[in-house]
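Good morning, everyone, and thank you for making time for this. Please take a moment to look at the sequence and the structure before I begin.

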Amino acid sequence: MSTPLGMRGWTAVLTAVLVIAVVVPALNLLVPPESVLHLDDFYVTLTGKIICYAICALAMDLIWGYTGILSLGHGLFFALGGYAMGMYLMRQIGTDGQYRSTLPDFMVFLDWKELPWHWAVSDSFVLQMLLVVLVPGLLAFVFGFFAFRSRIKGVYFSIITQALTFAAMLLFFRNETGFGGNNGFTDFKRILDVPIDQKMKVLLFVLSGLVLVGFFLMSRYIVHSKAGRVLQAIRDAETRVMFSGYDPVKYKLAIWTLSAMMCGVAGALYVPQVGIINPGEMSPAASIEIAIWAAVGGRGTLIGPIIGAFFVNGAKSWFTVTFPEFWLFFLGALFIAVTLFLPNGLMGLLRRPGGLLGLWRKLMRLGKDAET
Amino acid sequence: MTGLRGARPLAGGRIQGWLLSVLLAVLALGLVLLATPAQALTPEQALRIAEGDSEERLAALAEAVAATDPATDKTLGVYIEALLADEVKHVGGRAFIVQGEAVRDAATGQPVALPEGAEDVVNNNRLRRAFEAARSALQLFSADTEERSRAITGLKESADEAMLPLIDKALAAEREPALKEQIQQLRASVLVSSNDPARRLDAARLLAESPQPATRALLIERLGTEDKAEVKAALAASLAAVESRLAWGERLGVLFTGISLGSILLLVALGLAITYGLMGVINMAHGELMMIGAYATFVVQNLFRTYLPGLFDLYVLAAIPVSFLVAALVGALMEKSVIRWLYGRPLETLLATWGISLILMQTVRTVFGAQNVAVENPSWLSGGVQVLPNLTLPYNRLFILLFAALVLVGVALLISRTRLGLFVRGVTQNRRMASCVGVNTARVDTYAFALGAGIAGLAGCALSQVGNVGPDLGQGYIVDSFMVVVLGGVGQLAGTVYAAMGLGVVNKLLEGWQGAVMAKIIVLVLIVLFIQKRPQGIFALKGRSAD
Amino acid sequence: MNTTRRQAGKTLTALAIAAAGVTLSPLALAQAGGTIKVGILHSLSGTMAISETVLKDVALMAIDEINAKGGVLGRKLEAVVVDPASNWPLFAEKAKQLISQDKVAVTFGCWTSVSRKSVLPVFEGSNALLFYPVQYEGEELSANVFYTGAAPNQQAIPAVEYLMSKDGGSAKRFVLLGTDYVYPRTTNKILRAFLKSKGVADADIMEEYTPFGHSDYQTIIAKIKKFAGEGKKTAVVSTINGDSNVPFYKELGNQGLKATDVPVVAFSVGEEELRGVDTKPLVGHLAAWNYFMSLKNPANDEFTKKWAAYAKAKNLPGHKDKPLTNDPMEATYIGINMWAQAVAKAKSTDVDKVRAAMIGQTFRAPNGFMSTMDPSHHLQRPVFIGEVRADGQFNVVWKTKGPVAADPWSDFIAENKGKKNLPVMAKK
């Protein structure tokens, strides 16, 4: 029962792939820096970063937009994937660190003489990449299993996810935990023995973009499938779904774990491009922002959250440079405006009948039809 | 000086300088023999105590103390007090005591004019300890009980065998039974290092009665150097007795810190519990309402400092209603402008209130600056009360405990006895029905939300007395307050109380074992697990809905 | 018809000239000299704002002063101020922005060692210069950084030696209390080795860490009291950073832990951090720095007067009524002036030329001594131990006879054997 993409859809996808894989690398690497057309390294990294955020927003849409589970702790899975990649990158530094030791720098100043157990496979690219997906996935599975089974829903569930990411953040801030503590991981030098120069960063950018497109197509397939229908039914009326003979726990758990793994992959792509990871990525504030990207873009549309992520993060980059004092005002106002006036986000705005004029008229009538 | 050879200073942080022993030995001899006639403090002595090398100053102090008779001449005592209060300056070969505008000559005590170019006298910790010991030595024979008691406590740290005659004399002269016992302990702590094993044995046994933490240090040190078996046994037994007595102090200390934290959690979570119980709204701006209360306290403090400096100590009492009102107003504004439109959509409310919290934080940053602001404790909230020798309860935390209890009682009475409370309960239990019988649910919502916000403001006022006040104040307590509410359930206020106190005590117990961060993590994980088992919290509303 | 075409032609030409003017004028300006951009990378919000905000202000004051004297190489200095908000990844991002977007010639910034370590790859990767004004743990020597703060042998080691001396209380047991990040961890590692070399047993050392922003010190102070009660004289060495110091000292005062019983020496607490605390119960507690505001010498009088006037003129909160100066402010001031001198000597802002010209630069510092920039990229600094006064200032109770040269590769760490105190260029 899937809805095929159609001509317009596939053209859009192919254009995106072309831009990501060909145009951007050309403008950054082939065009000389003095030219007007040159795409600065800074913007490549920035866009790559936002693409990774967009993957998270997409993941959030799957669980919130289509299944009605609001997670305020998804940043945790993003960070775990990032840390798994970071561990590999730290081992790749080899003896080029500040202390010229085979151990990562932070272990040297802690006076540790050997690698702790959780670094056992950090030398192997393949195994560590498996961890990128397995660690967030496993944590999500276990947590989700118990939470959904106890039928924790709604606000309670959101608060619990927030507590989970907060606890993890505190844990990772401790130097004793063995993840670099406050310093986090930084100063990466190589991946698979290839130095992380601009060419590598462009490659990562391309990879991130292709993964985003890939995940988008995958998500589209899922939501238009039979399972997707059940998910939307769970969002709309979970009890009735139960009485209709489906077990919501299985569906919720599946989509929840998938969403976590997507975030893990996004984190892994994020870290080498940005060059640093730190427990601050696990803060509750970071996770709540993921929710707002999905809300701003338009929940339940798949493309909406991607647009939302680009819009909000683009605005953030612009504001923090031009009007740094106003960024938080803008973000706060965005939260309020989106929840009050734009329940369907930007996509809702673009798709609504009557267009923007209709929205204006609705706003004017807001005072009357608010009180139910 | 025969006393010097056997003199070994007490353990637990005592002055090693032999000069102090000299000082006290000389005083002891001086007072006991009364051979040297008492002399008043000379200007030259005063100057030598005030400036120069530490060793020289200590020597000069010892001389001055030996030469003085504390019963008749108070100048040295006054001078030492001034030195301890950093009120002494020196110039042109003389020392002066400067207290605000009043200047007196240190040696004669007569008021004089302060000459030009007077330099401050600088003391380091070592000199300060010597001054404190000298003061105690001088006050040992004072007529005032308080002074004698303080003197005995002060001498505990620096007594040694040279002082024995002095102590014996004081023991003989003492009339107060409590002080007599303290002097006995002092005597024992000196004798435990004596050369005579029999005396050591007696002293070791006597020390078992001591309630002082310093005795523990002394016993541990003596155990290390003792060779006679029976004395060693007595020392060990006394050590066990002292440690078990001290352990009580430690246990009570942990309990108090847990209750203190619990009272703070209670204040912080109470407002949230009310709004969540009533409207099902998790208010993510709750922390910022607390921050607003704390900043209101800051503003009141500044107003008092500028316009009513004499009444500065009372600013906290004025700040309490102000922070309540300001936070309540902001809460009411929030409710009317944003939250009421999101009725029935709790997840959206969560996000919208998070947006409000960002705006509130940024507003405060713009108005007051991004750094912390300094909120000073009034003098009656500084310091603490010493209930046991090793347990001091700070006044500011006791105040918060009391304050939290009062707020709790106030809110409980409000909810159970007033009309507003009746409406709030009604709307919580069944909104539709309450509306049907004529309750203006919109207005009740606003009032209840304002109440919850006002209580958050009170929490902020309390927090300003224990921690930093900055735009990020609320962020540190958001997760904690949610945990208390989620754990306590929304049935009754009792749930919030039990959850808050329980979390506070458990947190502090774990902290002593694993450190602050691990304690917090364990507590969070425990809550998450508890909620899996019992999703509705400790106290839950009974109802028939399936969801 | 002809007129419209002519008009169109005119308009197009005008537009073209305007466009050319707009695109070329920045180039023209740059050719004419324009300003030299100087980056300021300090937290203006978050947990470190209490310490770092004033460094931004003193940097701006130094820049104003230099501009008033005609600038450098005939060009004015222009400050580019960013706020990394006590967020370490944001420090790296802002550093990148300053270097590649704003194209600053030099950056003055960072306080915590973790912020410095976060930006180090950025500065080394782009071959840019950073002046770092705060005391730190050593164990680092980058050719892209000039360290104007103290290395452990210019602060931590002398402080502990003072504690062990008679005047300092003859401490035999030590509590090493710090915030949980690289600076306290590494400094404590060095101190442990130092204490061991002085015969202090492991059982006489207690090490505790709290996270950034921690505010409940009840349990830790109870632990210190218990530890102190177990035997010989105890002292606390505090590497707590940021606004955690305020609740720590408040609790210390409230619980009655006096300096004469258990002295606390802090390495990150100066006049500015004591501003929000009631200092009466803290009299006698110590701090170790290379500068105190209470130092009496002509250079310091001038510096404090200049600062007071500047703070009043710019209406700086707190400082306009009660101006305070501290060690990192002095280090920032020395750093900016030395950099300006080096640029003048090198006749260019090119990083490699300035780096070479920096070595050997001297400056009459407010600490009363002549500061020299050694080939180790560190300044020679005198060491002062100060005791807290009731008014929040410090009384100097001990000082070195003259400036001490830095030893960033501490001799107390075994792995440093054979390491020279000379920076190495980062491998590309």
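**Chain B and its contact with chain C**

I will start with a single pair: B:Arg216 forms a salt bridge with C:Glu230, and the closest N and O atoms of the two are 3.5 Å apart. Please keep in mind that what you see is a predicted model.

That pair belongs to a wider set, since the rule finds eight salt bridges across the interface of chain B and chain C, and it also finds 19 residue pairs in polar contact there, both residues being at pLDDT 80 or more. On the chain B side, the elements that each supply at least two residues touching chain C include helix H11 (213-225), helix H12 (229-279), strand E6 (391-394) and helix H22 (516-533). The residues on that side of chain B divide into 22 polar, 15 nonpolar and 15 charged.

How many residues does each chain bring to the contact? Chain B gives 52 residues and chain C gives 45 residues. The size of an interface is often given as the accessible area lost when the parts come together, and for chain B and chain C the area buried between them is about 3,800 Å², with 44% of it on carbon and sulfur atoms.

Let me now turn to chain B by itself, which has 22 helices and six strands. Of its 547 residues, 54% count as buried, while the chain exposes about 23,000 Å², of which carbon and sulfur atoms supply 60%. Finally, among the contacts in chain B with a separation of 6 or more, residues 24 or more positions apart account for 71%.

How values were computed
Residues numbered from 1 in each chain as written. Chains lettered and ligands numbered in written order. Predicted model: local features only at pLDDT ≥ 70, side-chain atom pairs only at ≥ 80, totals over all residues. Heavy atoms only, no water. Contact = heavy atoms within 4.5 Å. Buried area = accessible area lost by both parts, 1.4 Å probe. Salt bridge = Lys/Arg side-chain N within 4 Å of Asp/Glu carboxyl O. Polar contact = N/O pair within 3.5 Å; in protein donor to acceptor, adjacent residues only side chain to side chain. Helix = DSSP H or I, 4+ residues; strand = E, 2+ residues; numbered from the N terminus. Nonpolar A, V, L, I, M, F, W, Y, C, P; charged D, E, K, R; others polar. Buried < 20%, exposed > 50% of the residue type's maximum accessible area, 1.4 Å probe, protein only. Areas by Shrake-Rupley, 256 points an atom, 1.4 Å probe, with all protein chains shown as cover.
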